[in-house]
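Hello,

Here is the structure I promised to pass on. Please open it first, then read my notes below.

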Amino acid sequence: MNWVRIDNRLVHGQVIEAWVPYLGARNILVVNDALAADDLRQEIIRLAVPSGVELTFIAIEHIVEYLDDHGRVAHPHGDTLLLFATCCDVNRALQIGFVLSTVNIGNLHYSPGKQQLCPHVALSKEDIGCLKAFTKRGIQLDFRCVPNDTTQVKASW
């Protein structure tokens with residue numbers, strides 16, 4: 001099973017300490033153009049990932065090809081947590097053939113001009129447009145910061 005999470009922090013404590021154990025993830029796939037091209041940042045991030053968990057960085061444009069080549073064959077016993085930094089990044093992946101049924105919107109920081117949806121998610125107009133497009137595709141939106149979060153989110157768009 002693949003679990004898709006949008007979190008502008010990508011790999012951090014909540015992911016490592018809460019989501020990885022909850023999902024039983026043996027694989028973290030960071031789908032981010034900037035990190036895929038930055039070997040130094042990759043090495044720094046690897047220091048936070050526990051042994052036994054494989055960490056891979058991939059550019060958005062290569063996600064479908066990567067999953068086709070490495071999906072279940074490379075990881076027959078472990079689930080994969082796919083991390084995206086933004087709603088737009090997930091939307092770009094969808095446009096090239098990436099498929100998902102649920103997306104976890106875990107953290108999108110507030111900045112001026114964004115609508116605060118819940119304590120951990122603030123949305124720009126562009127984010128709202130992407131989330132609307134996801135729901136039109138039948139993709140379920142899961143607004144949880146951590147797995148046991150019971151925040152009820154009422155989208156007002």
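His12 touches Arg5 and Asp7, leaving out residues up to four places away in sequence. Keep in mind that this is a predicted model. His12 sits in the loop between E1 and H1. Its relative accessible area is 15%, so His12 is buried, the cut-off being under 20%. His12 also comes within view of a distant part of the chain: Ile45 is 33 residues away in sequence, with 8.5 Å between the two C-alpha atoms.

Two other residues of that loop are worth a look.

Leu10 is found between strand E1 (2–7) and helix H1 (13–23). Leu10 is not a glycine, yet its phi is positive, at about 55°. Leu10 counts as buried because its relative accessibility is 6%.

Arg9 is in the loop between E1 and H1 as well. Arg9 has 29% relative accessibility, so it counts as partly exposed. Setting aside neighbours within four places in sequence, Arg9 contacts Gln14, Asn107, His109 and Cys145. Arg9 and Leu131 are 122 residues apart in sequence, and their C-alpha atoms are 19 Å apart.

Next, Leu35. This residue belongs to helix H2 (residues 33–36). Its relative accessibility is 2%, so Leu35 counts as buried. Beyond its neighbours within four places, Leu35 is in contact with Leu10, Val30, Arg41, Gln42, Ile45 and Phe57. For one of these partners, Ile45, the C-alpha distance from Leu35 is 9.8 Å, at a separation of 10 residues in sequence.

Is Asp39 buried or exposed? Asp39 counts as exposed, because its relative accessibility is 57%. Asp39 is part of helix H3 (residues 39–46). Asp39 and Ala25 are 14 residues apart along the chain, and 23 Å separates their C-alpha atoms.

Now the cores. The largest nonpolar core has 31 residues. Those with the most contacts inside it are Ile6, Phe84, Phe98, Val103, Ile105 and Phe134. Which element gives this core its largest share? That is H5, with five residues.

Ile6 has a long list of partners once residues up to four places away are left out. Among them are Phe84, Ala85, Thr86, Cys87 and Val90. Val103, Asn104, Ile105, Gly106, Asn107 and Leu108 are on the list too, as is Phe134.

There is also a second, separate core of 20 residues. Val15, Ala25, Ile28 and Val30 are included in it.

Last, a helix pair. Helix H5 (residues 87–95) packs with helix H6 (residues 125–136) at an angle of about 40°. Their axes are 9 Å apart. An angle of about 40° is not under 35 degrees and not within 65 to 115, so H5 is oblique to H6. The crossing of the two helices is left-handed.

Which residues of H5 and H6 meet? From H5 come Cys87, Cys88, Val90, Asn91 and Leu94. From H6 come Glu126, Asp127, Cys130, Leu131 and Phe134. By class, the contact of H5 with H6 has seven nonpolar, one polar and two charged residues.

Two names recur when you look at Ile6 and this helix pair together. Cys87 and Val90 of H5 meet H6, and both also touch Ile6. Phe134 of H6 takes part in the contact with H5 and is also touched by Ile6.

Best wishes

Technical notes: Residues numbered from 1 in each chain as written. Predicted model: local features only at pLDDT ≥ 70, side-chain atom pairs only at ≥ 80, totals over all residues. Heavy atoms only, no water. Axes fitted to C-alpha atoms, helices over the stretch in contact; angles between N-to-C directions. Helix = DSSP H or I, 4+ residues; strand = E, 2+ residues; numbered from the N terminus. Parallel < 35°, antiparallel > 145°, perpendicular 65-115°, else oblique. Left-handed = near helix turned anticlockwise from the far one by under 90°. Contact = heavy atoms within 4.5 Å. Nonpolar A, V, L, I, M, F, W, Y, C, P; charged D, E, K, R; others polar. Core = buried A, V, L, I, M, F, W, Y, C linked by side-chain atoms within 4.5 Å. Buried < 20%, exposed > 50% of the residue type's maximum accessible area, 1.4 Å probe, protein only.
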